[in-house]
Amino acid sequence: MQERLESHILSSYFAPRGHNRMYALGMHLAQIYLSPFDKLIGIIGDAGAGKSALIRGMFPGLELTNDDNGVYVRPLPLLDIDSGSRFFSHHTYHVDIRFENAFTQMSVLADAINDALSKGKRIIVEHFDLIYPLLGYNANLLIGAGEQILITRPNLFGPEPDEIKKVVYDSLAYRLMAHTAEDLCEYCMPEEDLARCGHDDIKHGFIITFPDKKPSFKISELEARVNEMIRKDIPITYHDPDHVCIGEDIHPCTGPRIHVSSTGLVKNFRLLDQFVYDRLTNSYLLVGYVGKDPTFLKELPILKRTQYDKML
């Protein structure tokens with residue numbers, strides 16, 4: 001087991017867009033890659049990448065200090081280890097460096113991490129790339145969340161946190177665009193087809209699955225309706241954990257935070273012009289893409305709205 005962990009370099013998984021699928025992936029990653037000897041876990045990814053859902057899947061029951069509903073734990077448990085009974089102190093702590101840096105100096109956070117590790121605690125550090133220069137040593141396990149989930153066990157020769165950051169930050173925009181395009185397709189399709197569809201992932205796109213029989217709608221008409229909504233640049237906003245607002249309409253969604261802010265930010269949306277039949281599952285697949293042609297696409301730095309124009 002230990003030899004297998006030491007020989008592990010880098011693994012890559014599609015980053016699911018729904019919370020339940022992200023929880024399941026986190027559980028899967030913990031079973032395969034997490035060791036009892038891993039004390040420092042570094043998480044890297046921009047807002048909306050699903051880091052919190054991934055952490056909850058990997059560490060069920062862990063108290064996150066930056067709750068998605070805006071509830072923040074105070075005082076920060078990592079800074080308060082010695083204030084309570086040592087007998088009942090936690091084994092695993094969580095800290096969001098980007099958020100905590102607004103209240104606490106980075107050097108103080110680095111000292112707190114070092115102190116906790118010296119006491120045998122396990123620390124889960126979001127935005128690990130920010131604290132890494134002050135720590136001077138890498139995480140035992142480094143995880144990046146963008147369009148894909150990257151998981152690596154760094155050694156003295158890397159990979160460095162900034163290398164993981166560049167990949168996951170640059171690719172996240174494709175995941176956000178793909179999810180919005182996927183929900184727009186759902187929004188525009190007949191209700192009877194929407195009620196039975198499932199979901200899968202491809203690079204720079206999405207798959208909507210229909211079991212047993214081919215959908216009733218024409219792909220060209222669905223594509224035209226979605227592109228018209230993209231042209232209108234309709235706002236996309238979070239409504240609740242199970243719904244997103246498309247303009248003023250509420251639409252069911254399993255990952256309502258994983259979207260671009262308006263439909264106009266979805267670039268080069270298109271659908272494969274025919275349904276793909278999957279004999280193994282007896283289902284028909286609707287395949288959609290965003291951005292440049294994935295057969296020759298190279299990763300682009302796409303974080304700010306103005307940079308989306310580079311994908312045209």
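In this predicted model, helix 7 makes the greatest contribution to the lining of the largest cavity, supplying three residues. The space inside this cavity comes to about 40 Å³, and the count of cavities of 30 Å³ or more is one. How can such an empty space be found? Rolling a probe the size of a water molecule over the atoms shows where empty space is left.

The residues around the largest cavity are F14, A15, R17, E147, Y174, R175, A178, D201, I202, H204 and G205. Helix 7 (161-188) and strand 7 (198-202) are the elements that give two or more residues to this lining. Sorted by class, the lining of the largest cavity holds five nonpolar, two polar and four charged residues.

Helix 7 turns up again at the second largest pocket, whose volume is about 170 Å³. There are 14 residues in the lining of this pocket, and those closest to its centre are D183, E186, H199, C253 and T254. Two or more residues of the lining come from each of helix 7 and strand 11. Helix 7 provides the largest share, four residues. By class, three nonpolar, five polar and six charged residues line the second largest pocket.

The next stop is the sheet that contains strand 11. This open sheet is built from three strands in the order 9-10-11, with antiparallel pairing. Strand 9 (236-240) and strand 11 (249-252) sit at the edges, each pairing on one side only. On average, neighbouring strands of this sheet are turned by 35° against each other, direction ignored. Strand 10 (residues 243-246) runs antiparallel to strand 11, and four bridges join the two. Within this pairing, I246 is found opposite D249 of strand 11. Helix 7 lies across strand 9, strand 10 and strand 11, and its direction is at about 105° to strand 11. Helix 7 therefore appears in three parts of this description: it lines the largest cavity, lines the second largest pocket and lies across the three strands.A second sheet offers another view of the fold. Here six strands form an open sheet in the order 1-6-5-2-4-3, and the pairing is mixed. At the edges are strand 1 (10-14) and strand 3 (92-96), each of which pairs on one side only. Neighbouring strands of this six-stranded sheet are turned by 15° against each other on average, direction ignored. Helix 2 (residues 19-33) packs on the sheet and touches strand 1, strand 5 and strand 6 (148-152), with its direction making about 160° with that of strand 1. Helix 6 (residues 128-135) also packs on the sheet, where it touches strand 2, strand 4 and strand 5; the direction of helix 6 makes about 135° with that of strand 2.

Strand 2 deserves a look of its own. Is strand 2 (residues 40-44) buried or exposed? Five of its five residues are buried, so strand 2 is largely enclosed by the rest of the structure. L40, G42 and I44 point one way from the strand, I41 and I43 point the other way, and all are buried.

Which strands pair with strand 2? One partner is strand 4 (residues 122-126), which pairs with strand 2 in the parallel sense over four bridges. Another is strand 5 (residues 141-145), which also runs parallel to strand 2 and is joined to it by four bridges. I41 can be followed in both directions: its bridge partner in strand 4 is I124, and in strand 5 it stands opposite L141. Further along strand 2, I44 stands opposite G144 in strand 5.

Finally, the whole chain can be considered. The protein chain has nine helices and 14 strands. Of its 312 residues, 51% are buried. Among contacts between residues at least 6 apart in sequence, 69% join residues at least 24 apart.

Methods
Residues are numbered from 1 along each chain as its sequence is written. This is a predicted model: local features need pLDDT of at least 70, side-chain atom pairs count only at pLDDT 80 or more; totals for chains, interfaces and linings use all residues. Side-chain values use heavy atoms; hydrogens and water are left out. On a 1 Å grid over the protein atoms alone, a cavity is a set of points where a 1.4 Å probe fits but cannot get out, and a pocket is an open set with protein on both sides within 12 Å along at least five of seven lines; lining residues have an atom within 4 Å of a point. Grid points are joined across faces, edges and corners, and a volume is the space filled by probe spheres set on the points. Ala, Val, Leu, Ile, Met, Phe, Trp, Tyr, Cys and Pro count as nonpolar, Asp, Glu, Lys and Arg as charged, and the others, Gly among them, as polar. Two strands pair if DSSP finds at least two bridges between them. Axes are lines fitted to C-alpha atoms, for helices over the stretch in contact, and angles run from 0 to 180 degrees between N-to-C directions. Contact means heavy atoms within 4.5 Å. Buried means under 20% relative accessible area, exposed over 50%, partly exposed in between (1.4 Å probe, protein chains only).
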